[in-house]
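Work through the exercises below with the model open. Try each task before reading its solution.

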Amino acid sequence: MADKVRVLVVGLGNMGKSHASAYHRNPGFEIVGIMSRTIKSKPVPDELKGYPLFEDFDTALAATKPDAVSINSWPNTHAEYAIKAMNAGAHVFMEKPIATTVEDAEKVVATARAKNRKLVLGYILRVHPSWIKFIELGQTLGKPLVMRLNLNQQSGGPTYDWHKNLIDSLIPIVDCGVHYVDVMCQLTGAKPVRVHGIGAHLWAEADKANYGHLHVTFDDGSVGWYEAGWGPMMSEVAYFVKDVVGPKGAVSIVPNPKAHKDGVSDSSDIDQHTKTDAIQYHHAEVAPGDKSFVRKDEIFTMTDEPGHQDLCDREQDFFLRAINEDIDLSDSMDAAVNSLRIVLAAEQSINEKRVVELA
């Protein structure tokens, strides 16, 4: 049996806690330290008590000498921490996005290749069976595709400061947009060629625009849009749209609504971001005479699908396999850079008030 992978966990926010819990319960990992700049001023979950705690990344890296580093800190630290970790000989799991600039993202990937280190990105939808099915069905609709995706979040209670602080690093269509642009790229298998973005600053306490909308055109004629807004003013009407349309029909994810919990709105409840109730497949074929639809819509009921923690467990299972089985991660690393390039082009479009052509 292979030795346990010794992992340093960086960041203990929403995603950091979930990933740390996954490492704690996975027999293939051993947590050798947990680092957060505020770790001594905030409570540590009971299951994670007893592990060495650090407030400085360089100190933690030198003291623990880990085999792997799990980076779940603010996005503006991702590239720096990842490069330092790989230069120290560690494999890296990193929450999205890979960086806050394309140049830094390319440096991270180049370092992973040069040092022969595994770099797994936290694109959680890639391990979600419902989203895998959604993409599989969407790829049967013909070309071009029209892709409509959004995730607006109403910030209140515990998510108020979390969203406001995230905006210090990245606007919503960049931070969350990499997930859904990645889905668009998987659906089309085509090259993005043109991006347009619009945005608005509705939240006085946030440093940057808290609402945005991006439009991307692909070289096969497919088009897609993604919308994201955070803040206490955001509407929960149509906050969850996951829809792809092609010549042969349409595939849609139907959300699973539920009551608010702990003062958190449905839209900002992290379990709701990936949860589905069903996938609806509409067939466009009509009869020659009265043009009635030949086939009824198909409903794929997604029972027993994984929750947020289950998905984090799956991501860390894959990270462990990537290390132990030497899995080639070239495609997923390139995809992470590509999705970041698109969402940053949308931000550039907003700032410069023009369409951005992608080289």
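**Exercise 1: the burial of H8**

In H8, the buried residues are Gly-177, Val-178, His-179, Tyr-180, Val-181, Asp-182, Val-183, Met-184, Cys-185, Leu-187 and Thr-188. Buried means under 20% relative accessible area, exposed means over 50%, and partly exposed lies in between (1.4 Å probe, protein chains only). Helices (H or I, at least four residues) and strands (E, at least two) are DSSP runs, numbered from the N terminus.

This is a predicted model: local features need pLDDT of at least 70, side-chain atom pairs count only at pLDDT 80 or more, and totals for chains, interfaces and linings use all residues. Residues are numbered from 1 along each chain as its sequence is written, and side-chain values use heavy atoms, with hydrogens and water left out.

Task: is H8 largely enclosed or not, and does its span agree or disagree with its residue count?

Solution.
- Step 1. Count burial. 11 of the 12 residues of H8 are buried, so the helix is largely enclosed by the rest of the structure.
- Step 2. Get the expected span. The rule is 1.5 Å times one less than the number of residues. For H8 (residues 177-188) that gives 16 Å.
- Step 3. Compare. The end C-alpha atoms of H8 are 17 Å apart, which agrees.
- Step 4. Look past the end. Gly-189 follows H8 and has a positive phi, near 60°.

**Exercise 2: cysteines without partners**

Task: how many disulfides does a search of the whole structure find? Why is Cys-176 not bonded to Cys-312?

Solution.
- Step 1. Set the cut-off. A disulfide is a pair of cysteine sulfur atoms within 2.5 Å.
- Step 2. Search. The whole structure yields 0 disulfides.
- Step 3. Check Cys-176. The closest cysteine sulfur belongs to Cys-312 and is 14 Å away; no bond forms because that is too far.
- Step 4. Check Cys-185. It is in no disulfide; its nearest cysteine sulfur, that of Cys-176, is 17 Å away.
- Step 5. Add burial. Cys-176 is buried at 8% relative accessible area, and Cys-185 is buried at 15%.

**Exercise 3: strand S4 and its partners**

Task: which strands pair with S4, and in what sense?

Solution.
- Step 1. Define pairing. Two strands pair if DSSP finds at least two bridges between them.
- Step 2. Take S1 (residues 5-10). It pairs with S4 in the parallel sense over 4 bridges. Leu-8 stands opposite Val-69 in S4.
- Step 3. Take S5 (residues 91-95). It also pairs with S4 in the parallel sense, over 4 bridges. Here Ser-70 stands opposite Phe-93.
- Step 4. Sort the side chains of S4 (residues 68-71). Ala-68 and Ser-70 point one way, Val-69 and Ile-71 the other, and all are buried. In a regular strand, side chains alternate between the two faces of the sheet.
- Step 5. Assign the crossover. S4, helix H3 (residues 78-87) and S5 make a right-handed β-α-β unit. Right-handed means that, with the strands pointing away from the viewer, the path from the first strand over the helix to the second runs clockwise.
- Step 6. Step back to Asp-67, in the loop between helix H2 (57-64) and S4. Asp-67 is partly exposed, at 31% relative accessible area. Its contacts (heavy atoms within 4.5 Å) include Val-5 and His-91, not counting residues up to four places away in sequence.

**Exercise 4: the nonpolar core**

Task: which residues have the most contacts inside the largest nonpolar core?

Solution.
- Step 1. Define the set. A nonpolar core is a set of buried Ala, Val, Leu, Ile, Met, Phe, Trp, Tyr and Cys residues joined through side-chain atoms within 4.5 Å.
- Step 2. Read the result. The largest core has 106 residues, and those with the most contacts inside it are Ile-98, Leu-119, Phe-134 and Tyr-226. Helix H10 (residues 330-352) gives the largest share of this core, 10 residues.
- Step 3. Inspect Tyr-226. Among the residues it touches, beyond four places in sequence, are Cys-176, Tyr-180 and Met-184.

**Exercise 5: unusual backbone angles**

Task: which peptide bonds to proline are cis, and where do Asn-116 and Ala-238 lie?

Solution.
- Step 1. Recall the norm. Most residues other than glycine have a negative phi, and most peptide bonds are trans.
- Step 2. Check omega. Lys-96 and Pro-97 are joined by a cis bond, with omega about -5°. The bond from Lys-143 to Pro-144 is cis too, with omega near 0°.
- Step 3. Check phi. Asn-116 has a positive phi near 55°, in the loop between H4 and strand S6 (119-122). Ala-238 has a positive phi of about 55°, in the loop between strands S11 (223-231) and S12 (240-246).
- Step 4. Compare accessibility. Asn-116 is exposed at 53%, whereas Ala-238 is partly exposed at 48%.
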